[in-house]
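I opened the model to look up its nonpolar packing, its sulfur links and one loop residue. My entries follow in that order.

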Amino acid sequence: MKYMWKAVAAAVLLCSIFELGCGDTFRQIATPILQPAGDPALFDMVVVVQSAGDTANGFVQQIEVSGDSNIGEKPIGAGATMGALDPSGSLMFTANTASNDVTAISVSSFAEVTISLPKVQGAGAGPTYIGGTKSGTMYVAVAGRTPDACSLPANAAPNSGYVGVIDSTNLTLVKPICLKDQSSGQEMLNPSFLVQSANTLKVYVLDSTTSQMAIIDAASGTLDKIISVGSQPSFATLSFDQSYLYILNKGSNNISIFRISDQTLLPTTVSTGGTGSGFMLTDTHLNRLYVTNTGSGTISAFDISNPVSPTVIGGGPVTVGPSPVSLTALRDGTRVYVANGGNGTVTELLASNLSTIKTITVNSTAGATTNNIVSSNDSSRVYVTSKDPTNLSNGTTIFRTLDDSTVTTIKSPKLDSTCTTGCQLFNPTYVFT
């Protein structure tokens with residue numbers, strides 16, 4: 001297995017490494033907002049974020065694709081629900097909401113650095129999302145009142161959230177960008193999702209609570225403006241040619257289309273045809289856009305060959321399992337797999353016509369649920385995270401796409417490392433590649 005390493009980043013990490021403790025207190029956490037996994041062409045690994053709730057540190061697990069094995073675990077901050085690789089593939093980052101920091105880990109050496117963030121105030125405040133497409137820079141969305149970031153008194157209200165700019169070479173916070181438009185007075189308190197355009201010129205940040213999108217100029221590191229979009233925007237992804245941004249509005253169950261060239265929100269929207277639309281994936285190999293409709297137990301697929309005018313595939317929403325929360329499309333263009341958050345199953349669909357092939361059980365424990373899914377670069381493996389109410393069978397199931405047989409299930413780490421029987425496990429909240 002070959003990785004692309006960044007020597008400078010690894011050296012800094014090795015010089016700066018320090019360990020984080022891991023407590024054994026566990027409590028349920030909120031379901032994370034998911035993102036499509038990065039293009040796995042550069043990587044031959046899968047990373048799983050494991051959480052122990054808000055009161056104890058979590059873990060990341062690194063799974064080797066070629067060996068179907070767990071090749072390492074590393075502690076991270078508390079309350080992490082998602083993570084991302086930097087564009088080079090040499091570093092993995094987690095946004096740790098409860099501990100209000102970001103963990104950066106070298107993929108090759110597992111050396112670790114914690115990047116502290118300006119303090120935040122309010123329930124659920126802290127970093128919620130991290131990502132970036134420009135080598136050397138990552139962006140983290142931070143929710144809550146942030147007097148430090150915005151240079152305002154601690155008792156000043158209202159006050160906005162911010163986006164932190166992280167130098168992923170030196171692993172430092174370069175600056176916080178306050179999400180308050182001084183000219184219009186508009187502000188975003190709870191940024192929860194961001195995406196950077198491939199040409200790296202703009203960063204787009206969503207706030208579901210205020211139904212707004214902030215546009216950040218990446219070159220200057222300043223806020224351009226804040227605009228209103230659809231109701232409760234929860235997700236965004238770029239078209240295959242990077243000319244349009246699709247914004248998924250969970251509250252209105254439709255898709256807004258934003259034109260990149262002139263930074264304009266188009267007047268028309270596209271209905272998802274379902275309810276609770278919360279996750280979206282662009283399949284660049286088939287020029288498709290997929291949406292999971294959690295409330296109606298369906299997925300919707302759109303042909304985006306003409307990116308400004310998505311057309312429905314298959315006549316409308318396709319019924320899958322209960323509460324679909326995530327999906328993955330094989331790179332060979334043959335199949336789509338949907339993780340059903342209402343039970344421990346995955347629905348397998350034929351990509352050509354979206355007909356159901358079968359339902360695959362990945363966790364048969366009573367009350368078990370799946371929460372995230374990705375596939376390998378060579379289309380030979382699918383990785384599904386699941387948990388159960390007792391936290392005894394939590395883990396990542398790997399199954400072979402050739403015959404849909406389970407290769408193995410890699411259990412989540414023990415909450416108490418000294419436990420020998422009936423051990424509760426960490427909660428896998430996110431898987432990415």
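I looked first at the largest nonpolar core, a core being a set of buried Ala, Val, Leu, Ile, Met, Phe, Trp, Tyr and Cys residues joined through side-chain atoms within 4.5 Å; of its 90 residues, Phe93, Ile130, Met213 and Leu245 touch the most other members. Apart from it I found another core, of 11 residues, among them Ala339, Ile360, Ile373 and Val384. Buried here means under 20% relative accessible area, with exposed over 50% and partly exposed in between (1.4 Å probe, protein chains only).

I noted that this is a predicted model, in which local features need pLDDT of at least 70 and side-chain atom pairs count only at pLDDT 80 or more, while totals for chains, interfaces and linings use all residues. Residues are numbered from 1 along each chain as its sequence is written, and side-chain values use heavy atoms, with hydrogens and water left out.

For Met213 I listed the contacts (heavy atoms within 4.5 Å) beyond four places in sequence, and they include Met188, Tyr204, Leu245, Ile247 and Phe258.

I then searched for disulfides, pairs of cysteine sulfur atoms within 2.5 Å, and the count came to 1. The disulfide joins Cys419 to Cys423, with S to S 2.1 Å, and the link is left-handed, with -100° about the S-S bond. Cys419 counts as buried because its relative accessibility is 17%, and Cys423 counts as buried because its value is 11%.

Last, I checked Ser412, which counts as buried at 4% relative accessibility, and whose contacts beyond four places in sequence include Gln50, Gln61, Asn394 and Pro428.
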